[in-house]
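The exercises below are meant to be worked through with the sequence and the coordinates side by side. Please try each task before reading its solution.

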Amino acid sequence: MPQRTETDSRKLLRRLRDEMSLANPGQERLDRITTIIAESMGVEVCSVYLFRDADTLELCATEGLRPESVHQTRLRLGEGLVGKVARLTKPINTANAPAEAGFRYMPETGEEVFSSFLGVPIQRLGERLGVLVVQAKEPRLYSDDELYGLEVVAMVIAEMTELGAFVGEGTGFATPHKLPFAMRGLAAQEGEAEGHVWLHQPRVVITNLVNDDSRAEAERLNDAVEKLRVSIDELLSRAGNRDAEHQEVLQTYRMFAHSRGWLKRMEEDIRLGLSAEAAVEKEQSAARARLERVPDAYLRDRLHDLDDLSNRLLRILTGQGHETGAEMPDRPILVARNIGPGELLEYGRKLRGVVLEEGAVGSHATIVARALAIPLIINVPRITTEALNGDHVLIDGTEGVVHLRPDDSVSSAFRDKMAMQAKAQERYASLRDKPAVARCGTRITLKMNAGLMADLPSLPSSGAEAVGLFRTELQFLARDKMPKRAELVANYARVLDAAQGKIVHFRTLDIGSDKVMPYMKRPDEPNPAMGWRALRVGLDKPGVLRMQLQALIRAAAGRPLSVMFPLVAAHSEFTRARDVFMREIERERRLGHVLPESLQVGAMLESCSLAYAPKAFFEEADFISIGGNDLKQFFFAADRENELVRRRYDTLSVSFLTFLQLVVDRCHDAGTRLSFCGEDAGRPVDALALAGIGIPSLSMRPASIGPVKSLIRRANLNEVSEIIARVQARGLESARPALLDYVATLVD
Ligand code: PEP
Ligand code: MG
């Protein structure tokens, strides 16, 4: 068989393009394409297999195999050589297919007479669409040129599939992206939502796949790459003294942008007839396929960088920016690979929910989504390739499931669930002005956690009696430079105005660990959650802490002010922080500012050590708020951000409850007010146990106040306390089963 030349490939691509321009039905197109490829490559067989569903490939067109087998022959992912190509997203090239490991004989196709086999994946941007195969009787290995040429053709077929070229009449296929797609990710913020997809980074649409003049096209590519390089250099010079990680990403961009290998591969694609855009996308697809196979997290990050760079190059080539002119749909649900906290804040409460392909439970975006109280699902594979702007989508942030383009039965079941929840919310709303008094007469104070100005409207509507925790760091995280004192004053004053006299417990900056401000240099730490974070940073570098305290004092301007310090681990730390605060009060007085009407200074108990602090600490602190999220991670030595361990230990384990009882006793002895503000306070059964062991005040997400209040009002806390004591006496591990039994007996 003759070697393929550039002209062969070019002719083949042109014929495919011409075929595409004819208004033929989908099946006819597919049939014609296989015939054209077989003729052009001088082989007896050319077949196209497309995915019928995520696990099944179907023979959709063939030249050379028995026509009756079309739409009859099906293979599972990984089955036979075709299934293997699809699973590995790698070509298979063999002179003797029947002898190849994994070969599966399919009698209906009559393929045993063909010896040589070359199969390449049909894929687009990491999405597997099918397999393109050529076969011949002659036992021979295909040359690299032939393999490369077939990959180029597969790329064109992928684009055609994407554009719906093979839809309808005879093929039995719906337009890709029109089929329902359900995927499970990780629940990062509870709640359900129905809406329409809004892509954070809309895809670049490529319409011309084949070039008419390779030389001109290669020039176009080179010009675009040059522009790309300049733009990266500009970004690098602008990044200046930004943090090391940001610099590193840009340096990697720069390295890729100057990579000869990358450019050469794209030039080769163009030489074989692809347009510059199609060439960029072909290499991008190949990189994404590699991405799936790379286990090393660092290398995966670098391949992601290459992916980002390819998108930039595509935008330069096509002139398509992020702004596509599309209008945001109603009830938008944001779909993105990842998103920064600032960008998410910009969308704000317009969004009904967020779905991310990456993300982490403890990322800044997650913190912001929690603050915005919108459901968030992270780590959803393939969502950015599957979703199109405007697609109908249902997200279940409690189960971590996304239903894209759901069919009617899924939609109606989902709506039933949402309606039931809305009913429950109505019931909770009717409790809004009623106190959380248990049947035994004990009154529990329910407060809300907040972190954004946008949270404040929930204060009256949720029935919260105060803001038990205001996470001040969100304002710092969501920007690219340190906020000025005047901005802080204005922000805190607005928060206090909106609280309308209800007390707000401001927590001073809790940065470090997962909360990293891009503009502040940080040491590289082996274990940041136990490292230089929270009050430790505040005491060692008091500039920001002092500015924040000054801003709080000025914002209070004659109103009561409550401040608490995060992650206090020793009495002396609290004393020092309190001294800093008192010095600022004195300074503000000297400067003539109106001082707060009253002051409360509290500590967050988030490390076990503080429970054993001297009595003087408990006497000195006006109040103590248990930060259960951090406390639990240190108590159980289980990282709160690590999926492998974060749910491993139960809040209602006897060991943890017994420890909390010690804190209750110590506060009781010293007359210190006690509150609990970790996420567990918002989980009704957990909240009941916390109230049962004597914690009089719980602070939670606004949406949790109704359910928690409803349960407390139905329960008798003496009984809860007795149940916990019995579980302790019996030496059981957790009080949860007994408490769940008890809750089941309570009348609704
Ligand atoms: C906590 O640790 O429980 C807490 C409320 O603080 P954060 O979640 O912001 O660390
Ligand atoms: Mg904490």
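**Exercise 1: Aromatic contacts**

Tyr612, Phe635, Phe636, Tyr649, Phe656 and Phe659 form one aromatic cluster, where rings of Phe, Tyr and Trp (its six-membered ring) pair if their centres lie within 6.5 Å, with planes under 30 degrees apart counted as stacked, over 60 as edge-to-face and the rest as tilted. This is a predicted model, in which local features need pLDDT of at least 70 and side-chain atom pairs count only at pLDDT 80 or more, whereas totals for chains, interfaces and linings use all residues. Residues are numbered from 1 along each chain as its sequence is written, chains are lettered from A and ligands numbered from 1 in the order in which they are written, and side-chain values use heavy atoms, with hydrogens and water left out.

Task: determine how many aromatic pairs the whole structure holds, and describe the geometry of the pair formed by Phe565 and Phe574.

Solution. A search of the whole structure gives eleven aromatic pairs. In one of these, Phe565 and Phe574 meet edge-to-face, with 6.3 Å from centre to centre and 70° between the planes. Both Phe565 and Phe574 are buried, a term that stands for under 20% relative accessible area, while exposed means over 50% and partly exposed in between (1.4 Å probe, protein chains only).

**Exercise 2: The surroundings of ligand 1**

Task: establish which residues come nearest to ligand 1, which elements give two or more residues to its shell, and how the shell divides by class.

Solution. Begin with the 14 residues around ligand 1, of which Arg471, Arg507, Glu606, Asn629 and Arg640 come nearest; a residue is included if one of its heavy atoms lies within 4 Å of the ligand. Next, look for polar contacts (pairs of N or O atoms within 3.5 Å): a polar side-chain atom of Arg471 is 2.8 Å from an oxygen atom of ligand 1, a polar side-chain atom of Arg640 is likewise 2.8 Å from an oxygen atom of the ligand, and a polar backbone atom of Gly627 is 3.3 Å from a ligand oxygen atom. The protein covers 99% of the 290 Å² of accessible area that ligand 1 has on its own, as computed by the Shrake-Rupley method with a 1.4 Å probe. Strand E17 (467-471) and helix H21 (628-635) are the elements that give two or more residues to the shell, and H21 supplies the largest share, three residues. Helices (H or I, at least four residues) and strands (E, at least two) are DSSP runs, numbered from the N terminus. By class, the shell has seven charged, four polar and three nonpolar residues.

**Exercise 3: Positive phi angles in loops**

Task: find where Arg331 and Ala557 lie, and state how far each is exposed.

Solution. Arg331 lies in the loop between helix H9 (297-318) and strand E10 (332-336), and its phi is near 50°, a positive value in a residue other than glycine. Its relative accessible area is 31%, so Arg331 is partly exposed. Ala557 belongs to the loop between helix H18 (542-556) and strand E19 (561-568), where its phi, near 35°, is again positive in a residue other than glycine. With a relative accessible area of 43%, Ala557 is partly exposed.

Key: Polar contact = N/O pair within 3.5 Å; in protein donor to acceptor, adjacent residues only side chain to side chain. Nonpolar A, V, L, I, M, F, W, Y, C, P; charged D, E, K, R; others polar.
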